[in-house]
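Here is a short briefing to read with the model open beside you. It goes topic by topic, so feel free to pause and find each residue as it comes up.

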Amino acid sequence: MSRSAHPAGPRHADVLPEGHYTAPPADLNALDAKVWSRTARRGEDGVVTVGGMEVTRLAEEFGTPAYFLDEADFRARCRAWADAFGPDADVFYAGKAFLSRAVVRWLTEEGLNLDVCSGGELATALDAGMPAERIAFHGNNKSQEEIERAVSAGVGRIVLDSFQEIVRVAHIAQEQGKRQRVQIRVTVGVEAHTHEFIATAHEDQKFGIALADGQAAEAVRRALKLDGLELIGIHSHIGSQIFDMAGFEVSARRVVQLLARVRDEHGVELPEIDLGGGLGIAYTSDDDPKEPHDIAKALREIVARECEAAKLRTPRISVEPGRAIVGPSAFTLYRVGTVKPLPGLRTYVSVDGGMSDNIRTALYDAEYSVSLVSRASDAAPMLSRVVGKHCESGDIVVKDAFLPADVAPGDLLAVPATGAYCRSMASNYNHALRPPVVAVKDGRARVIVRRETEDDLLRLDVG
Ligand code: LLP
């Protein structure tokens, strides 16, 4: 929820701190299509269904907390990105947002490529049948073993992140008698308008090689000299959860300027540029994300314009959306355990998960919305904070939310738009068991990542 004018609207069951909150939504039972996946509906009996499955039944069958992934929504977003960029560009889904074998199969079927950034992600991708040439391997400190595996698997590209890595990858490729396709990740010096922890193109951080001081041009010079490498392009990722295209514009311009410099110095026109991921999604009704079609059009225009100015052939563009594909496709279902009104402040509603299944609120001050989904309610809006069950006061799932004032133990709450960076950043804090991911589609539900058990925890504890 964003902070703006004090609401003039209906009276609340709780007292609102002056000037901090927007008005509660006109209808607490409505599901905002911006933050929910496309098959979500509230039935006439008040129960919400997703993928044709009632949340009450899902909770009974799979327990709570649990993540439910709307397969049709996920596939539709893959197609929207692929269609928007067309056959002369490549869309790499960023697996760090959420990766499982089922997701890899859906991506493969929908014609997307995959960005992985660890041995574990690479193993999952290969195991589930993603063709190696459609995989990009990332990371600022890939291990020797990871590079060896990526090269021997035949990944389509390795994104080089340091001078040491240029030499390492070239050496490993030569040892294997190969020429590895690579890109060089550069930092373009853009201050992305997002949380500091997820901005990645300003100079004072660990990723990439700086453009500004000529380091990136030097990296290109070295990579071009090494027999083990086929340098196919330049990569730039400016950060995450970004709505403003201005950062991408500056980034594209600077990357194209580097291509022109490479052409002038080496007589080589690098054929590709990757502009990374980072496109924002709606976590609350106040967010206004762009459609893939508009993003593709804007990026294409920027690159074409800059190339024309530099008299370069337009390179093949690739992008790496993670959140924008999987984020809105899933929601987390929780059951309310306790409700604690703090007069004059707000009501704390405790659910059966928390910072172990969604660390984003604690880590980035992220905002989410929440709905009562097991029934409709006509009760007045109540200023609430949805909190988890961890031993930590920062264990907040949704910081500011309006829930119906009659919310009670046993009710089911859903937090939409949790498909990205929730299960993938989940932890076992307090020995919590990481929740399952259940795919829902056409009235059927199937576990794609099972719930952890106490046996799983104890198996690792070999002392
Ligand atoms: N490409 C590269 C090189 C990246 O580092 C990332 C994200 C992506 C693509 C995908 O970005 P997306 O489209 O999903 O925003 N854990 C944070 C986000 C960190 C993202 C790290 N890299 C979060 O929960 O917001």
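Rings of Phe, Tyr and Trp, the last with its six-membered ring, count as a pair if their centres lie within 6.5 Å; planes over 60 degrees apart make the pair edge-to-face. By that rule, a search of the whole structure finds 7 aromatic pairs. Please keep in mind that this is a predicted model.

**Aromatic pairs**

- In one pair, the ring centres of phenylalanine 74 and tyrosine 93 are 5.7 Å apart and the planes meet at 75°, so this pair is edge-to-face.
- That pair links distant parts of the chain: phenylalanine 74 belongs to helix α2 (residues 71-85) and tyrosine 93 to strand β5 (residues 89-94), with their positions 19 residues apart.
- Are the two partners buried or exposed? Phenylalanine 74 and tyrosine 93 are both buried.
- Elsewhere, ring pairs join Trp36, Phe62, Phe68 and Phe331 into a cluster.

**The ligand and its shell**

- Which residues come closest to the ligand? Of the 19 residues that surround it, the closest are Ser240, Gly278, Glu320, Arg360 and Tyr421.
- Glycine 278 takes part through its backbone, where a polar atom is 2.8 Å from an oxygen atom of the ligand.
- Glutamate 320 uses its side chain instead: one of its polar atoms lies 2.7 Å from a nitrogen atom of the ligand.
- Arginine 360 also offers a polar side-chain atom, which lies 2.6 Å from an oxygen atom of the ligand.
- Taken alone, the ligand exposes 580 Å², and the protein buries 91% of that area.
- The shell around the ligand is made up of 6 nonpolar, 7 polar and 6 charged residues.
- Where does the ligand lie with respect to domain 1 and domain 2? Both domain 1 (20-70 + 328-458) and domain 2 (71-324) give residues to the shell, so the ligand lies between them.

**Helix α3 and the residue after it**

- Helix α3 covers residues 101-110, and its buried residues include Ala102, Val103, Val104, Trp106, Leu107 and Glu110.
- Glycine 111 follows α3 and has a positive phi, near 80°.

**A buried lysine in a loop**

- Lysine 142 sits in the loop between β7 (135-137) and α5 (144-153).
- Why does lysine 142 count as buried? Its relative accessible area is 2%, and buried means under 20%.
- The C-alpha atoms of lysine 142 and serine 118 are separated by 7.3 Å, although these residues are 24 residues apart along the chain.

**Backbone details to look up**

- The peptide bond from threonine 64 to proline 65 is cis, with omega near -10°.
- Proline 65 is found in the loop between α1 (55-62) and β4 (66-70).
- Asparagine 430 has a positive phi, near 60°, in a residue other than glycine.
- This asparagine 430 belongs to the loop between β19 (412-416) and β20 (437-441), and with a relative accessible area of 41% asparagine 430 is partly exposed.
- Histidine 431 has its place in the loop between β19 and β20, and its phi is positive too, near 55°.
- With a relative accessible area of 58%, histidine 431 is exposed.

Methods:
Residues are numbered from 1 along each chain as its sequence is written. This is a predicted model: local features need pLDDT of at least 70, side-chain atom pairs count only at pLDDT 80 or more; totals for chains, interfaces and linings use all residues. Side-chain values use heavy atoms; hydrogens and water are left out. Rings of Phe, Tyr and Trp (its six-membered ring) pair if their centres lie within 6.5 Å; planes under 30 degrees apart count as stacked, over 60 as edge-to-face and the rest as tilted. Helices (H or I, at least four residues) and strands (E, at least two) are DSSP runs, numbered from the N terminus. Buried means under 20% relative accessible area, exposed over 50%, partly exposed in between (1.4 Å probe, protein chains only). A residue is near a molecule or strand if one of its heavy atoms lies within 4 Å of it. A polar contact is a pair of N or O atoms within 3.5 Å; within protein, one must be able to donate a hydrogen and the other to accept it, and residues adjacent in sequence count only if both atoms are side-chain atoms. Accessible areas come from the Shrake-Rupley method with a 1.4 Å probe; for residues, only the protein chains shown count as cover. Ala, Val, Leu, Ile, Met, Phe, Trp, Tyr, Cys and Pro count as nonpolar, Asp, Glu, Lys and Arg as charged, and the others, Gly among them, as polar. Domain bounds come from an automatic or database domain assignment.
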